[in-house]
Amino acid sequence: MEKSVYYISAASTISHQPTFGNAGFSKSICALEADSSLITPDFKAFIDAGLLRRMSKILRMSVACAKDCLAQSHLEQPDAIIVGTGLGCLHDTEKFLNTSLTVEGLLPPTSFIQSTHNTMAGQISLSISNHGYNMTHTQNTLSFEHALLDAMMLLDDGEASILVGAADEYIEILTEIAGELNVRPARQLTSAASFFIVSNAPESDTVACVKDCWPIAFPESKTSAINDFLQRNELNAAEVDYVLFASLLPEQSGELVDLFTSAGMSGERCIDYLAFSGIYPTAAAFGMHYAADLMRTDRSIRNILIVNALRSENLGLTLIQSVEA
Amino acid sequence: MDTLKEDLKKQIIEQLNLEDITPADIADDSLLFNDEGLGLDSIDALELIVLLEKYHGIQVTKPEEGKEAFKSVNTMAEYIRKRKS
C-alpha cells in the first residue's frame, strides 16, 4: 500500500502559551513561570451552555480545540475522530471515586459517565454529530503518537481528513503522588489539549505535514533509534533544522542534544518543549503544533524532529516536514 | 417564602452545575425539562433522583412517580412533602 502524505490542515492548542487562535505564537512563546496558568478561550463560543455545565476542563478544552480545527479547515465532518490521552478524565474520575467513598446510596451519574478515557472523543463526536470511526488511544506518554499513527494508517487506507489530537488533565493528587515517589519534576505538572486535522490533500495555507511517526517502547538505544528513524526517512542529523525534545533526565537530554550539535546543529535549535508546555503525558502534541507553527513563521525550515522521551522507557519520534508553496 | 422550594432550587443548581443560574431565575412552576424552562435532559433526571436521596432521604423506586414529580419545583416539593408525611 502506498503511503499518503499527511498534511496538517489545521492545528489548535489550549496551553499555558497564547496558542489558541493565534497562528505565529511560536514567536512569542516563553518558558513557564511557577504561577503560570492555562490560557483558555471563552468556551461558550464553542460549546452549548447546556453541555458546558457538565464538562470538566479536559472535555471543554478538547471540544473547543476540535471545533476550532474544523472551522480552520472549513470541514463539516472529519472521516474519523482519534484521541490520545495518558491519564484520561482525571477530574471526573476523582469526583466519582470520592463520591463512592463518602456517599451512601445512589451515586451521581455524570462524573461516572464522563470518567472514562474515551469521553473526549465521544463528546467531540456528539457535539458535531459525527458517526465515523471514533477511537481513543491510551499508551502512557506515547498516547498521542499512537493516535497519530492510527490517523496516518486511515489516510493510507483512503480516508481524506482525520481529526486527531491529545488531551490530559492535571489534578492535585498528581503532585501528592509525585511527592510520595520522591519525584520533583523540573517543570510544572499541568493540563493541555492539542488537536489537528490531518488530510491527504493540502489546503492553500498548509505549511507542514507529518512525514513519519514511530512510537517505541523500551528502545535499546535512543540514539540508535533516532538514527534509524532518520535513515528510513532518507535524512541525516545535519539535515534536521530543529529538534523539539521532552526529557526529564538531564543526562538523557544531554545525549540527545549532543547527537545533533555534533552534526552541526546550533544548541539553540535543540529545544526542550516541556519548558513551554509543562509536563503532561501527551505534551508531544504540543510539540507537533509548535513545530508546525515554527514552519509557518519561518519558511526556510524544512525538517523538525520531535523526540518524546518524557518517560525514559518510551521513545516517540515524529518528523514534521515543510510543504512547498 | 416556602423554604423547601428555595432549598430545592439551590440543590438543583448545585447538583446539576447550572452555571449562571440563580434560585431567583427558577420560577416555582416553570417546567424543568422544557426548553422554555431549564431544558434538562435524561441525565439530569438521574441526577434529580440522586438529589432526592442525598438531601431528602427519598428513594424514587417507581419511574412513573419521577415523571410526575420532576415537572417543576412545585411538584418536587409536593412529592417530598407527600413522601415524608
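**How the two domains of chain A meet**

In this predicted model, chain A splits into domain 1 (6-199) and domain 2 (208-322).

Q: How far apart are the centres of domain 1 of chain A and domain 2 of chain A?
A: Taken over C-alpha atoms, the two centres sit 22 Å apart. The contact draws on 45 residues of domain 1 of chain A and 38 residues of domain 2 of chain A.

Q: What makes Arg187(A) and Asp272(A) a salt bridge?
A: Their closest N and O atoms are 3.2 Å apart. The cut-off is 4 Å between a side-chain nitrogen of Lys or Arg and a carboxyl oxygen of Asp or Glu, so the pair qualifies. The count between the two domains is 1 salt bridge.

Q: How many residue pairs are in polar contact between domain 1 of chain A and domain 2 of chain A?
A: There are 15 such pairs, with both residues at pLDDT 80 or more. On the domain 1 side, the elements giving two or more residues are strand 1 (6-14), helix 6 (143-156), strand 4 (161-168) and strand 5 (192-199) of chain A. Helix 6 of chain A has the largest share, with 7 residues. By class, that side has 22 nonpolar, 19 polar and 4 charged residues.

Q: What area do domain 1 of chain A and domain 2 of chain A bury between them?
A: About 3,300 Å², with 70% of it on carbon and sulfur atoms. Of the area that domain 1 buries against domain 2, 19% comes from Ile8(A), Thr141(A) and Arg187(A), more than any other three residues supply.

Key:
Residues numbered from 1 in each chain as written. Chains lettered and ligands numbered in written order. Heavy atoms only, no water. Domains from an automatic or database assignment. Contact = heavy atoms within 4.5 Å. Buried area = accessible area lost by both parts, 1.4 Å probe. Polar contact = N/O pair within 3.5 Å; in protein donor to acceptor, adjacent residues only side chain to side chain. Helix = DSSP H or I, 4+ residues; strand = E, 2+ residues; numbered from the N terminus. Nonpolar A, V, L, I, M, F, W, Y, C, P; charged D, E, K, R; others polar.
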